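Q: Please take a close look at one part of this structure, its interior, and explain in connected prose how the residues there are placed. I am a first-year student, so please say what each term means as you go.

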Amino acid sequence: MNQVRTQQTDTIERLPVMESFYTLQGEGAHTGKAAYFIRLGGCDVGCHWCDVKESWDVTAHPSYSIDDLVEGALQYPGRMAVITGGEPLMHDLSGLTAALKKAGFNTNIETSGVYPVSGSWDWICFSPKKFKEPHPDIFRKADELKAIIYHKSDFAFAESFVASLRSDCKLFLQPEWSRSNEMLPLIVEYVKQHPQWQVSLQTHKFMDIP
């Protein structure tokens with residue numbers, strides 16, 4: 001079966017996986033929590049500063065059954081599973097999330113929101129990118145907006161989504177790692193002036209963990 005979802009109702013029993021690992025969530029609202037990450041292959045958003053460009057080619061990664069992915073996650077005591085990419089919503093994630101929930105996991109996803117949401121999620125982190133417009137489906141479902149600040153213009157870009165989100169959606173500004181020295185002071189001042197926002201840092205990189 002084609003690994004890239006062609007219809008919202010398709011259920012994929014195998015998924016292309018770049019890597020899976022147990023670590024701490026390093027970003028956003030769940031920073032510091034133990035989490036099992038499943039990084040799926042495939043992305044067509046094309047962020048030039050992406051630090052996992054090797055995930056983009058969906059055909060470059062082996063496929064795993066949903067049972068295998070859940071079995072891998074169960075080897076560790078944490079019960080938060082984070083599905084990331086690449087762009088994970090290129091794939092129908094209904095089967096994977098159903099199996100993870102049945103096994104006792106909270107399901108989290110990190111997505112650019114450019115595809116309709118599939119799967120059952122306890123937490124949706126929406127991280128929009130300038131390179132491809134998000135699908136309207138994401139706005140009322142996102143629990144967290146995480147905007148990456150690479151340039152001063154990204155503050156206005158981040159603000160452009162707020163009115164479309166739920167009132168309880170958490171708002172985060174995160175410096176792009178290679179530009180942290182330049183952008184972090186601007187983010188600090190912005191949050192001080194706009195306290196509805198919070199700062200997110202890639203704490204896993206400071207801790208030198210995956």
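A: Helices and strands are here runs assigned by DSSP and numbered from the N terminus, where a helix is a run of H or I with at least four residues and a strand is a run of E with at least two. With that in hand we can start at alanine 142, which sits in the loop between β6 (123–126) and β7 (144–149). The model is a predicted one, in which local features need pLDDT of at least 70 and side-chain atom pairs count only at pLDDT 80 or more, while totals for chains, interfaces and linings use all residues. Residues are numbered from 1 along each chain as its sequence is written, and side-chain values use heavy atoms, with hydrogens and water left out.

Although alanine 142 belongs to a loop, its relative accessible area is 0%, so it counts as buried (buried is under 20% relative accessible area, exposed is over 50%, and partly exposed is in between, with a 1.4 Å probe and protein chains only). Apart from residues up to four places away in sequence, alanine 142 touches Ile124, Phe126, Leu165, Arg166 and Cys169, where contact means heavy atoms within 4.5 Å. Isoleucine 109 is 33 residues from alanine 142 along the chain, and their C-alpha atoms are separated by 9.8 Å.

It helps to set this residue in the whole chain, which has five helices and nine strands in the order β-β-β-α-β-α-β-β-β-α-β-α-β-α. Its radius of gyration is 17 Å, close to the 17 Å that the globule rule gives for 210 residues, so the chain is as compact as a globular protein of that length; the radius is taken over C-alpha atoms, and the rule is 2.2 Å times the number of residues to the power 0.38. Of the 210 residues, 49% are buried, and of the contacts between residues at least 6 apart in sequence, 63% join residues at least 24 apart.

In soluble globular proteins, nonpolar side chains tend to be buried together. A nonpolar core is a set of buried Ala, Val, Leu, Ile, Met, Phe, Trp, Tyr and Cys residues joined through side-chain atoms within 4.5 Å. The largest core of this chain has 40 residues, among which Ile83, Leu93 and Leu173 touch the most other members. Leucine 93, leaving aside neighbours within four places in sequence, is in contact with Leu15, Leu40, Ile83, Pro88, Ile109, Ser118, Gly119 and Trp121. There is also a second, separate core of six residues, including Cys43, Val45, Cys47 and Val114.

Cysteine 47, one of the residues in that second core, lies in the loop between β2 (34–40) and β3 (63–65) and is buried, at 7% relative accessible area. Beyond residues up to four places away in sequence, cysteine 47 touches Lys53, Trp56, Lys129 and Phe131, and its C-alpha atom is 8.2 Å from that of lysine 130, although the two residues are 83 apart along the chain.

Helix α2 (residues 94–102) shows how a helix takes part in the interior, for Gly95, Leu96, Thr97 and Leu100 are buried in it, and what covers its buried residues includes β1 (14–24), α1 (66–73), β4 (80–84) and β5 (106–111). From helix α1 comes valine 70, which is buried with a relative accessible area of 9% and touches Ala99, Leu100 and Ala103, not counting residues up to four places away in sequence. From strand β4 comes threonine 84, buried at 7%, whose contacts outside four places in sequence are Phe37, Ile38, Arg39, Leu40 and Glu110.

Two details of the backbone deserve a careful look as well. Most residues other than glycine have a negative phi, and most peptide bonds are trans. Glycine 85 and glycine 86, however, are joined by a cis peptide bond with omega about 20°, and glycine 86 lies in the loop between β4 and α2. Aspartate 208, in the segment after α5 (203–207), has a positive phi of about 55° although it is not a glycine, and in contrast to the buried residues above, aspartate 208 is exposed, at 70% relative accessibility.
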